[in-house]
Amino acid sequence: MYVVIGGGGKVGAYLAGVLLASGNEVAVIEQRSQSADFLSVALEGAYLVINGDCCDSRFQEDAGIRQADVYVGATGQDDTNLVSCEIAQRVFNVPRVIGRVNNPKNLRIFREVGIECISSTTLIANLIEEEALLGSVSLVSSLTHGDVALQEFTIGHMRHHSDEEGIPIGEIDMPEGSLIVAVAYEDDAEVANPDIHLYPGDQVIVVADNSVLDDVRVLFRSL
C-alpha cells in the first residue's frame with residue numbers, strides 16, 4: 001500500500017514509521033525544513049520526504065499522490081488538513097482520504113464534505129493506522145462468528161442527488177451481503193427504515209460481509 005501523509009510532526013512521523021515497519025510505502029510532505037531533514041534520515045524503509053506545503057497540489061504530485069492508495073492529513077492545523085484532504089480527494093481522486101481533526105467541533109465540517117476523520121488526540125496515530133490498514137472508514141465491531149463486520153460510513157456531498165432533499169434509504173441499491181441498520185446524527189440515532197432520508201454529514205451503520213465493504217464505500221461516495 002502506498003500512503004501519502006501531509007504533515008511530518010509527531011503524529012505524521014509516528015504514523016509513517018508504523019506503516020513503513022508494516023512493509024508499506026510512504027511519502028511525507030512536511031513544510032518545516034528542519035523537520036523534513038530529520039525525517040529524511042530517521043525513517044527506515046521505502047519512503048520519500050518532500051519539503052513543502054501539503055495544501056499545494058504541486059507538492060502532492062511530487063509525492064506521487066496519483067499512485068496513492070491513502071492520503072492522510074495529519075498536521076496540527078484543522079484547516080490545513082481539510083484543504084489538503086479535499087485536494088487529494090477531489091483533484092487527484094485518491095481512493096481513501098483521512099483527516100486528523102484537532103478540535104472536535106470541526107468534525108461536522110469534515111464529515112459534511114465527505115472526508116473520513118478522527119479526532120482523538122492521544123491515540124490518533126494508532127487509529128489512523130487502523131483506518132488505513134483495514135481499508136475501512138470506521139470499524140465499529142467485528143462479529144464473533146463469520147466474516148461479518150459492523151461499519152460506520154459518513155455521507156458526503158452528493159454527486160447525483162440533492163444535498164437539500166437527500167436520498168431515502170429505500171432507494172439505495174446496497175451490494176448483496178450488506179444492509180443499513182442504523183443512522184446516527186449529531187445528537188441522535190435511529191434504526192434504519194426505507195423512508196429515512198440521508199443527508200451530508202449523517203452517519204450510517206452497515207452490517208456487511210468483509211468482502212463487500214469496499215463496494216459499500218464506493219456506493220456511498222457515488223450517491
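## Close-up views of a predicted model

**View 1. Arg58 and its salt-bridge partner Asp56.** Let us start with Arg58, which counts as exposed because its relative accessibility is 57%, and exposed means over 50%. Its partner tells another story: Asp56 counts as buried, at 19% relative accessibility. Keep in mind as you look around that this is a predicted model. The closest N and O atoms of Asp56 and Arg58 are 2.7 Å apart.

**View 2. Glu30 and Arg32 joined by their side chains.** Here is another of the six salt bridges found in a search of the whole structure. The N to O distance between Glu30 and Arg32 is 2.8 Å. Is Glu30 buried or exposed? With a relative accessibility of 5%, Glu30 is buried, while Arg32, at 48%, is partly exposed.

**View 3. A salt bridge within helix H7.** Asp214 and Arg217 sit three residues apart in helix H7, which is about one turn of the helix. Their side chains meet in a salt bridge of 3.2 Å, N to O. This time the positive partner, Arg217, is the buried one, at 12%, and Asp214 is partly exposed, at 40%. Helix H7 covers residues 213-221 and lies across strands S5 and S6, running at about 80° to S5.

**View 4. The open sheet of six strands.** Follow the strands in the order S3-S2-S1-S4-S5-S6, and you will find that the pairing is parallel. Why do S3 and S6 each have a side without a neighbour in the sheet? Strands S3 (47-51) and S6 (116-118) stand at the edges and each has a single partner strand, so one side of each is left without a neighbour. From one strand to the next, the twist averages 20°.

**View 5. Strands S1 and S4, with helix H4 on the sheet.** S1 (residues 2-6) pairs with S4 (residues 70-73) in the parallel sense, over four bridges. Look for Gly6, which stands opposite Gly73 in S4. Helix H4 (residues 78-91) packs on the sheet, where it touches S4 and S5 (96-100), and its direction makes about 175° with that of S5.

**View 6. Asp78, a buried residue without a salt bridge.** Asp78 lies in helix H4. How far away is the nearest side chain of opposite charge? That side chain belongs to Arg100, 6.6 Å away, and a salt bridge needs the atoms within 4 Å. Asp78 does have polar company: its side chain makes a polar contact with the side chain of Asn106 at 2.7 Å, and a polar atom of that Asp78 side chain lies 2.6 Å from the backbone nitrogen of Asn102. Other residues that Asp78 touches include Val101, Asn103 and Phe110.

Methods: Residues are numbered from 1 along each chain as its sequence is written. This is a predicted model: local features need pLDDT of at least 70, side-chain atom pairs count only at pLDDT 80 or more; totals for chains, interfaces and linings use all residues. Side-chain values use heavy atoms; hydrogens and water are left out. Two strands pair if DSSP finds at least two bridges between them. Helices (H or I, at least four residues) and strands (E, at least two) are DSSP runs, numbered from the N terminus. Axes are lines fitted to C-alpha atoms, for helices over the stretch in contact, and angles run from 0 to 180 degrees between N-to-C directions. Contact means heavy atoms within 4.5 Å. Buried means under 20% relative accessible area, exposed over 50%, partly exposed in between (1.4 Å probe, protein chains only). Lys and Arg count as positive and Asp and Glu as negative; His and the chain ends are not counted. A polar contact is a pair of N or O atoms within 3.5 Å; within protein, one must be able to donate a hydrogen and the other to accept it, and residues adjacent in sequence count only if both atoms are side-chain atoms. Lists of a residue's contacts leave out its neighbours within four places in sequence.
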